[in-house]
Amino acid sequence: MQNHTIEAKPAAVRDGLQLCDRPGCGEPATYAYSWEWGENGLCCGKHHFELNQAAGQLNRTIQCTALSAGI
C-alpha cells in the first residue's frame, strides 16, 4: 500500500496568484499595504479602498503600492 501525500498550498496563494489577506476575502491581491505601526500585507481593490477609509477614520497613515502583473 502506497502512502500519498497531498501538498497543500498556502492560503495566500491560488493558481500562482497572491490573494487578499483580509478575513473571508480570497480575491487576487492587487496592492501591498503597510500601516505606520508595521503591520503589512496584501489586499484586493475593494479592501484597498476600505483600508484607506479606515486610515482616514483612525487619523493614521497607510502606504499602499500596486503589485506588478509580472509582465
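These exercises walk through a predicted model of one chain.

**Exercise 1. The outline of the chain**

State how many helices and strands the chain has, and in what order they run.

Solution.
- Step 1: Count the elements. The chain has 1 helix and 5 strands.
- Step 2: Read them from the N terminus. The order is β-β-β-β-α-β.
- Step 3: Look at burial. Of the 71 residues, 21% count as buried.
- Step 4: Turn to the surface. The chain exposes about 5600 Å². Carbon and sulfur atoms supply 52% of that area.
- Step 5: Check the long-range contacts. Take the contacts with a separation of 6 or more. Residues 24 or more positions apart account for 31% of them.

**Exercise 2. The salt bridge**

Find which side chains meet in a salt bridge, and explain what parts the pair ties together.

Solution.
- Step 1: Count. The structure holds 1 salt bridge.
- Step 2: Name the partners. The side chains of Arg60 and Glu36 meet at 3.1 Å, N to O. The cut-off for a salt bridge is 4 Å, so this pair qualifies.
- Step 3: Place each partner. Arg60 lies in the loop between helix 1 (45-58) and strand 5 (62-66), and Glu36 in the loop between strand 3 and strand 4, so the pair ties together parts that are 24 residues apart in sequence.
- Step 4: Check accessibility. Arg60 is partly exposed at 37% relative accessibility. Glu36 is partly exposed too, at 45%.

**Exercise 3. Two tryptophans**

Decide whether the rings of Trp35 and Trp37 are stacked or edge-to-face.

Solution.
- Step 1: Count. The structure holds 1 aromatic pair.
- Step 2: Take the geometry. The ring centres of Trp35 and Trp37 are 4.7 Å apart, with the planes at 10 degrees.
- Step 3: Apply the cut-off. Planes under 30 degrees apart count as stacked, so Trp35 and Trp37 are a stacked pair.
- Step 4: Check each residue's cover. Trp35 is buried, with a relative accessible area of 6%. Trp37 is partly exposed at 44%.

**Exercise 4. The surroundings of Glu39**

Describe where Glu39 is found and which residues it is in contact with.

Solution.
- Step 1: Locate it. Glu39 is in the loop between strand 3 (31-35) and strand 4 (40-43).
- Step 2: Judge its exposure. Its relative accessible area is 37%, so Glu39 is partly exposed.
- Step 3: List contacts, leaving aside neighbours within four places in sequence. Glu39 is in contact with Arg22, Tyr33 and Ser34.
- Step 4: Look for a polar contact. One of 3.3 Å joins the side chains of Glu39 and Trp37.
- Step 5: Add a distance. The C-alpha atoms of Glu39 and Ile62 are separated by 9.5 Å. These two residues are 23 residues apart along the chain.

**Exercise 5. Cysteines without a disulfide**

Work out how many disulfides the structure holds, then account for Cys43 and Cys44.

Solution.
- Step 1: Count. The structure holds 0 disulfides.
- Step 2: Take Cys43. Its nearest cysteine sulfur is that of Cys64, 5.6 Å away. The cut-off is 2.5 Å, so Cys43 is in no disulfide.
- Step 3: Take Cys44. Its nearest cysteine sulfur is that of Cys25, 3.7 Å away. That also exceeds 2.5 Å, so Cys44 is in no disulfide.
- Step 4: Check burial. Cys43 is buried at 0% relative accessible area. Cys44 is buried as well, at 6%.

**Exercise 6. Two histidines in the helix**

Say where His47 and His48 are placed, whether each is buried or exposed, and which residues each touches.

Solution.
- Step 1: Place them. His47 is in helix 1. His48 is in helix 1 too.
- Step 2: Apply the cut-off. Buried means under 20%, so His47, at 11%, is buried. His48, at 19%, is also buried.
- Step 3: List contacts beyond four places in sequence. His47 is in contact with Cys20, Arg22 and Cys25. His48 touches Tyr31, Cys43 and Cys64.

**Exercise 7. The phi of Asn59**

Find the sign of phi at Asn59, and say whether the residue is buried or exposed.

Solution.
- Step 1: Recall the background. Most residues other than glycine have a negative phi.
- Step 2: Read the angle. Phi of Asn59 is near 55 degrees, a positive value.
- Step 3: Place the residue. Asn59 is in the loop between helix 1 and strand 5.
- Step 4: Judge exposure. Its relative accessible area is 69%, so Asn59 is exposed.

Conventions
Residues are numbered from 1 along each chain as its sequence is written. This is a predicted model: local features need pLDDT of at least 70, side-chain atom pairs count only at pLDDT 80 or more; totals for chains, interfaces and linings use all residues. Side-chain values use heavy atoms; hydrogens and water are left out. Helices (H or I, at least four residues) and strands (E, at least two) are DSSP runs, numbered from the N terminus. Buried means under 20% relative accessible area, exposed over 50%, partly exposed in between (1.4 Å probe, protein chains only). Contact means heavy atoms within 4.5 Å. A polar contact is a pair of N or O atoms within 3.5 Å; within protein, one must be able to donate a hydrogen and the other to accept it, and residues adjacent in sequence count only if both atoms are side-chain atoms. Accessible areas come from the Shrake-Rupley method with a 1.4 Å probe; for residues, only the protein chains shown count as cover. Rings of Phe, Tyr and Trp (its six-membered ring) pair if their centres lie within 6.5 Å; planes under 30 degrees apart count as stacked, over 60 as edge-to-face and the rest as tilted.
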